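Please walk through this structure with the text beside you, moving from one helix to its neighbours and then to the chain as a whole.

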Amino acid sequence: MDNSQRIGYIPRVGKPPSYTPQELEIKINEYFQWVNDENIERKKRRFEGEKFKPLTLSGICVYLGISRDTWNEYSKKTGYSDTIKEAKSIVENYAEEGLLNGALNPIGTIFNLKNNFGWVDRLEVNTKTDDEKLSTEDIQAKLADIKKHNKTVESADIDEF
């Protein structure tokens, strides 16, 4: 009896993976080499305004002929996840280095790192208070000092800064 005749059999649906784990790794490495070769050629031509080709996750997807959803599905599969993580690390490192050395537009690079690699702006707020209790007079004195400081800053000449 074949599986389709068994009670409770649920056939597999969906397209089978386009690549085996090994083929995916080879194709991703080809993409990285292709971008490197393309940048060498662009450097040789030295056309005005021609920019180098960046490494991107969407660029990998286009090169592989898959969607970002398929890329994300590959990352969940056993055998594929290490290759996907390594490729993401290479692209993230490229973006981070480009941001830090000024080779890439900082706004676009920060957007990319936040949206594709989970980077976040962190704001730490200290909510602990000192053990000592302030009297009403102490609080009023501190507020007066703050108000005095604010008036000093507002009335200061801008050229002094």
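In this predicted model, a good place to begin is helix α4, whose buried residues are Thr83, Ile84, Ala87, Val91, Ala95 and Gly98. Around the helix axis these residues cover an arc of only 105 degrees, which puts them on the same side of α4. The other side of α4 carries exposed residues, namely Asp82, Lys85, Leu100 and Asn101. The helix has 21 residues and spans 30 Å from its first C-alpha to its last, close to the 30 Å expected at 1.5 Å a residue. After α4 comes glycine 102, which has a positive phi near 80 degrees.

Against which helices do the buried residues of α4 pack? They pack against α1, α2, α3 and α5, and one residue of α4 lets the reader follow such packing in detail. Threonine 83, which lies in helix α4, has a relative accessibility of 12% and therefore counts as buried, since the cut-off for buried is under 20%. Leaving aside residues up to four places away in sequence, threonine 83 touches Pro21, Leu24, Glu25 and Ile28. Of these partners, leucine 24 stands 59 residues from threonine 83 along the chain, yet the C-alpha atoms of the two are separated by 7.7 Å.

Helix α5, which runs over residues 106-117, offers a second example of a helix with two faces. It has twelve residues and reaches 15 Å from its first C-alpha to its last, close to the 16 Å expected at 1.5 Å a residue. Its buried residues are Thr109, Asn112, Leu113 and Phe117, and, viewed down the axis of α5, they fall within an arc of 95 degrees, so they line one face of the helix. The face turned away from this buried side holds Ile107, Phe111 and Asn115, which are exposed. The buried residues of α5 pack against α2, residues 57-64, and α4, residues 81-101. At the N-terminal end, α5 is capped by asparagine 105, from which a side-chain oxygen lies 2.8 Å from the backbone nitrogen of isoleucine 107. Just after the helix, glycine 118 takes a positive phi of about 75 degrees.

The nonpolar core comes next. In soluble globular proteins, nonpolar side chains tend to be buried together. Here the largest nonpolar core has 21 residues, and those that touch the most other members are Leu24, Ile28, Phe32, Ile60, Leu64 and Trp71. At least two residues of this core come from each of α1 (21-45), α2, α3 (68-76), α4 and α5, while α1 gives the most, with five residues. Phenylalanine 32 shows how such a core member is surrounded, for it touches Leu55, Ile60, Ala87, Ile90 and Val91 when residues up to four places away in sequence are not counted.

Finally, consider the chain as a whole. It contains six helices and zero strands, and along the sequence these follow the pattern α-α-α-α-α-α. Of its 161 residues, 17% count as buried. Among contacts between residues at least 6 apart in sequence, 54% join residues at least 24 apart. The accessible surface of the chain comes to about 13400 Å², and 52% of this surface belongs to carbon and sulfur atoms.

Terms used:
Residues are numbered from 1 along each chain as its sequence is written. This is a predicted model: local features need pLDDT of at least 70, side-chain atom pairs count only at pLDDT 80 or more; totals for chains, interfaces and linings use all residues. Side-chain values use heavy atoms; hydrogens and water are left out. Helices (H or I, at least four residues) and strands (E, at least two) are DSSP runs, numbered from the N terminus. The expected span of a helix is 1.5 Å times one less than its number of residues. Buried means under 20% relative accessible area, exposed over 50%, partly exposed in between (1.4 Å probe, protein chains only). The arc is that of the directions from the helix axis to the C-beta atoms. Contact means heavy atoms within 4.5 Å. A polar contact is a pair of N or O atoms within 3.5 Å; within protein, one must be able to donate a hydrogen and the other to accept it, and residues adjacent in sequence count only if both atoms are side-chain atoms. Accessible areas come from the Shrake-Rupley method with a 1.4 Å probe; for residues, only the protein chains shown count as cover. A nonpolar core is a set of buried Ala, Val, Leu, Ile, Met, Phe, Trp, Tyr and Cys residues joined through side-chain atoms within 4.5 Å.
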